[in-house]
Amino acid sequence: MSTFRTLDTADIKGKRVLIRVDLNVPMKDGMVSDDTRIRAILPTVRDVSKRGGKAILLAHFGRPKGERVPEMSLAPVVPALETLLGRPVGFANDCIGNDAAQAIAKLSDGDVLLLENTRFHKGEEKDDPIFTSALAELGDVYVNDAFSAAHRAHSSTEGLAHQLPAYAGRAMQAELEALEKALTSPQRPVIALVGGAKVSSKIELLENLVTKVEALVIGGGMANTFLHAQGYPVGKSLCEKDLADTARRIMAKAQESNCAIILPVDATVAYHFQAHAPTQTYGVDAIPEDGMILDVGGLSVERINAAIDEAATLVWNGPLGAFEMEPFDRGTVEAARHAAKRTKAGQLLSVAGGGDTVAALNHAGVADDFSYVSTAGGAFLEWLEGKPLPGVEVLRQNG
Ligand SMILES: Nc1ncnc2c1ncn2[C@@H]1O[C@H](COP(=O)(O)OP(=O)(O)O)[C@@H](O)[C@H]1O
Ligand SMILES: O=C(OP(=O)(O)O)[C@H](O)COP(=O)(O)O
């Protein structure tokens, strides 16, 4: 980490410190349902506050695409932040302009303020210099503590580092150090498990990943696109059919690279996207037209666990099913517990990451049994591919 400017060298006292954090946390009924990402940023926020800085938190929530979507406000995160931090946290209704400037003007040294979702502005995701300047006006120092958003070259994750003195926060530093230690030269065979719902933003990186691992298990919503690409029916399941060619290209690349692709052979299907909906298990060649694949089936879990048994190192991003709703948590919970058992027995090094993946491991009660749990999903996979992460590269001293 010596190549990064860290918080240790930052001039904090009396300064307005813009801290980019990741508060894209799982929510249920308007409340934070997994606070791992909030816990991760506490050391940085406390450090800034204790050293007499004004801690001004910048974050995104969801993908509002530049619109002010009320359901994607960060306001509901404030109570969880206050409880974990053990002090009041102010909130401004916008991340730039008068609302933000006035809230910041009222801060005393050591206070903490959260600004509204940066993605309510179109400039954020475009890394627009004008939007970046509007953010930069609000601060004297910039700290990036959002490793899990560092694969995005956005104003608040990358642009600001060009306009203000920039530093890596404690969580950013810890994540990079831990991943380097665990995975720079992993013991082989390496198996990757990729699931979840962010198909379009993660599918491309699988093409590179299959050249780095001996086996790739594909589950969750991601698997449906691959099943469709192989000609299987997927009914009303989450599936990005326009990515079928990409899926086929990845499977061909995997074959060339001697990477085994393990897809579900059966699935738990429901007709309503809700907890305790009646379910039936089907082979993947017999998914009904009006059914939705919401979890991998029992045979698939057996195959996944057998593949984990063959591995020395496991990397995992993305739940294998819609784990937030019972019984669609079964595949994820069983595979997670199996990986945890092997890790505890010293037979596996297991690294998992992603906002929902961490929530799923917590739900399975095994997050502490994994070798390392990262807050990052997509960023973790891109780091694993060896891709430079814009939010990290811009912090390099000589970069
Ligand atoms: N078969 C499926 N159908 C619909 N949603 C799914 C399915 N499998 C997994 N998911 C959803 O994927 C989401 C997590 O995906 P993603 O954001 O990619 O993971 P992470 O946050 O860990 O990187 C969860 O909300 C889960 O319900
Ligand atoms: O939740 C996140 O990533 P993840 O789902 O890959 O863990 C980050 O907040 C990045 O969000 P994005 O994928 O909408 O840019």
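**Annotated arginines, an antiparallel sheet and the ligand 1 shell**

Arg119 counts as buried, because 25 C-beta neighbours lie inside 10 Å and 20 or more such atoms suffice for that class. The model examined here is a predicted one. Arg119 is situated in the loop that connects strand S6 (112–115) with helix H4 (122–126). Leaving aside residues up to four places away in sequence, the contacts of Arg119 are His60, Arg63, Pro64, Gly66, Glu124 and Glu125.

Arg119 is one of the positions to which an unreviewed UniProt entry assigns the feature "binding site"; Arg37 and Arg152 are also listed there. Arg152 occupies the loop between strand S7 (141–144) and helix H6 (155–163). With 21 other C-beta atoms within 10 Å, Arg152 is likewise classed as buried. When residues up to four places away in sequence are excluded, Arg152 touches Thr157 and Gly391.

An open sheet is formed by 3 strands, arranged in the order S13-S12-S14 with antiparallel pairing. Strand S13 (279–283) and strand S14 (292–296) occupy the edges; each has a single partner strand, so one side of each is left without a neighbour in the sheet. From one strand to the next, the twist averages 40°. Strands of a sheet pair through backbone hydrogen bonds, in either a parallel or an antiparallel manner. Here, strand S12 (residues 266–270) is joined to S14 in the antiparallel sense over 4 bridges. Within this pairing, Ala267 has Val296 of S14 as its bridge partner. Helix H11 (residues 298–310) packs on the sheet and touches S12, S13 and S14. The direction of H11 makes about 140° with that of S12. Although S14 is an edge strand, it is mostly covered, 5 of its 5 residues being buried.

S14 also takes part in the surroundings of ligand 1: at least two residues of the shell come from each of helix H9 (220–229), S14 and helix H13 (355–364). The most is given by H13, with 3 residues. There are 21 residues around ligand 1, of which Gly196, Ala197, Gly220, Gly354 and Gly377 come nearest. Sorted by class, the shell comprises 11 polar, 7 nonpolar and 3 charged residues.

Helix H9, one of the contributors to this shell, is mostly covered, with 9 of its 10 residues buried. The buried set consists of Gly220, Gly221, Met222, Ala223, Asn224, Thr225, Phe226, Leu227 and Ala229. Gly220 thus appears among the buried residues of H9 and also among the residues that come nearest to ligand 1. The buried residues of H9 pack against strand S9 (190–194), helix H8 (199–209), strand S10 (215–218), helix H10 (244–256) and S14. H9 is followed by Gly231, which has a positive phi, near 95°. S14 therefore links the two parts of this description, as a strand of the open sheet and as an element against which buried residues of H9 pack.

Note on methods:
Residues numbered from 1 in each chain as written. Chains lettered and ligands numbered in written order. Predicted model: local features only at pLDDT ≥ 70, side-chain atom pairs only at ≥ 80, totals over all residues. Pairing = 2+ DSSP bridges. Axes fitted to C-alpha atoms, helices over the stretch in contact; angles between N-to-C directions. Contact = placed C-beta atoms within 7 Å. UniProt positions renumbered as here; feature names shortened; annotations may be inferred. Buried ≥ 20, exposed ≤ 12 C-beta atoms within 10 Å, placed from the backbone. Near = placed C-beta within 6 Å. Nonpolar A, V, L, I, M, F, W, Y, C, P; charged D, E, K, R; others polar.
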